[in-house]
Amino acid sequence: MTTSPHVGTSPAAAPTLLRSVFRQHAAGVAVITAAGAGPVGFTATSLNSVAAEPPLISFGVGTSSSSWPVVAEAEHVGVHILGEHQRDLAATFARSGADRFGPSTDWRAGPGGVPLLGGVVAWLVCRVVARVPAGDHRIVIAEVVAGDPSGGGRPLVYHQGRFTALRD
């Protein structure tokens with residue numbers, strides 16, 4: 001019987017193990033936005049459907065993120081499901097210090113002033129109902145109040161540390 005080198009991993013090595021395991025997990029790519037003094041947003045692969053009644057979603061956001069101070073106070077957030085053609089947009093919203101809402105980003109103010117990105121597969125505007133501490137992150141739970149699933153196209157996926165597309 002062969003034992004994995006990670007069995008019994010020390011607490012100090014556990015974060016590396018977690019990242020290594022989740023590189024094997026394919027995840028959909030979303031951009032979360034919020035309105036503050038200026039618009040903020042970040043790329044998220046932690047988006048989940050939580051409940052149908054009431055319609056709730058969740059996502060994680062790092063408390064060291066430049067977006068966190070606005071998300072921490074926001075009443076509403078935008079949730080955007082990116083298409084396979086939006087790798088550059090995903091990378092822009094994932095990069096620290098990037099001009100996320102610059103001239104190359106197609107966006108407009110939506111319900112509640114939430115920044116809505118153009119060209120996405122689908123979007124939601126959600127009312128934040130909870131922010132749950134989880135280590136160096138917060139899990140935001142929000143209720144769907146508006147949206148549009150009609151953007152069409154295939155979703156962008158994150159796997160093995162890169163943005164990719166589904167294959168048939």
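Start with the sheet: 7 strands make up an open sheet in this predicted model. Their order is β3-β2-β6-β9-β10-β5-β4, and the pairing is antiparallel. Colour the two edge strands, β3 and β4 (48–51). Each pairs on one side only. Now look at the twist. On average, neighbouring strands of this sheet are turned by 35 degrees against each other, direction ignored.

**Stop 1: the β2–β3 edge**

Select β2 (residues 30–35) with β3. They run antiparallel, joined by 6 bridges. The connection is a hairpin through 3 residues. Step along the pair. Alanine 30 faces alanine 44 of β3. Further on, alanine 34 stands opposite valine 40 of β3.

Is strand β3 largely enclosed or open? Select residues 39–44 and check: 5 of the 6 are buried, so β3 is largely enclosed by the rest of the structure.

**Stop 2: helix α3**

What lies across β2 and β3? Select residues 87–94: this is helix α3, which runs at about 110 degrees to β3. Show the side chains of Leu89, Ala90, Thr92 and Phe93, which are buried. Their arc around the axis is only 160 degrees, which puts them on the same side of α3. In general, an α-helix has 3.6 residues a turn, so residues three or four places apart point the same way.

Next, select what those buried residues touch. They pack against β2 and β3, and also against β8 (115–117), β11 (156–159) and β12 (162–165).

**Stop 3: aromatic pairs**

Show the aromatic rings. There are 4 aromatic pairs. Begin with phenylalanine 42 and phenylalanine 59: the ring centres are 6.0 Å apart and the planes stand at 55 degrees, so this pair is tilted. It links distant parts of the chain, 17 residues apart. Phenylalanine 42 belongs to strand β3, and phenylalanine 59 to strand β5 (residues 56–62). Both phenylalanine 42 and phenylalanine 59 are buried.

Move to phenylalanine 101 and tryptophan 107. Here the centres are 5.1 Å apart and the planes at 75 degrees, so the pair is edge-to-face. Colour these two by accessibility. Phenylalanine 101 is buried, its relative accessible area being 14%. Tryptophan 107 is partly exposed, at 33%. Add Phe93 to the selection: ring pairs link Phe93, Phe101 and Trp107 into a cluster. Phe93 is also one of the buried residues of α3.

**Stop 4: the cores**

Which residues have the most contacts inside the largest nonpolar core? Select Ile32, Ala34, Phe42, Phe59, Val71 and Val77. The core has 18 residues. The elements giving two or more residues to this core are β2, β3, β5, α2 (68–73), β6 (76–81), β9 (122–134) and β10 (137–148).

Centre the view on valine 77. Neighbours within four places in sequence aside, valine 77 is in contact with Ile32, Thr33, Ala34, Phe59, Val114, Leu124, Val125, Cys126, Val128 and Ala142. Ile32, Ala34 and Phe59 are among the core residues selected a moment ago.

For the last selection, take Val29, Leu116, Trp123 and Leu156. They are included in a second, separate core of 15 residues.

Terms used
Residues numbered from 1 in each chain as written. Predicted model: local features only at pLDDT ≥ 70, side-chain atom pairs only at ≥ 80, totals over all residues. Heavy atoms only, no water. Buried < 20%, exposed > 50% of the residue type's maximum accessible area, 1.4 Å probe, protein only. Helix = DSSP H or I, 4+ residues; strand = E, 2+ residues; numbered from the N terminus. Pairing = 2+ DSSP bridges. Axes fitted to C-alpha atoms, helices over the stretch in contact; angles between N-to-C directions. Contact = heavy atoms within 4.5 Å. Arc of directions from axis to C-beta. Phe/Tyr/Trp six-rings, centres within 6.5 Å; stacked < 30°, edge-to-face > 60°. Core = buried A, V, L, I, M, F, W, Y, C linked by side-chain atoms within 4.5 Å.
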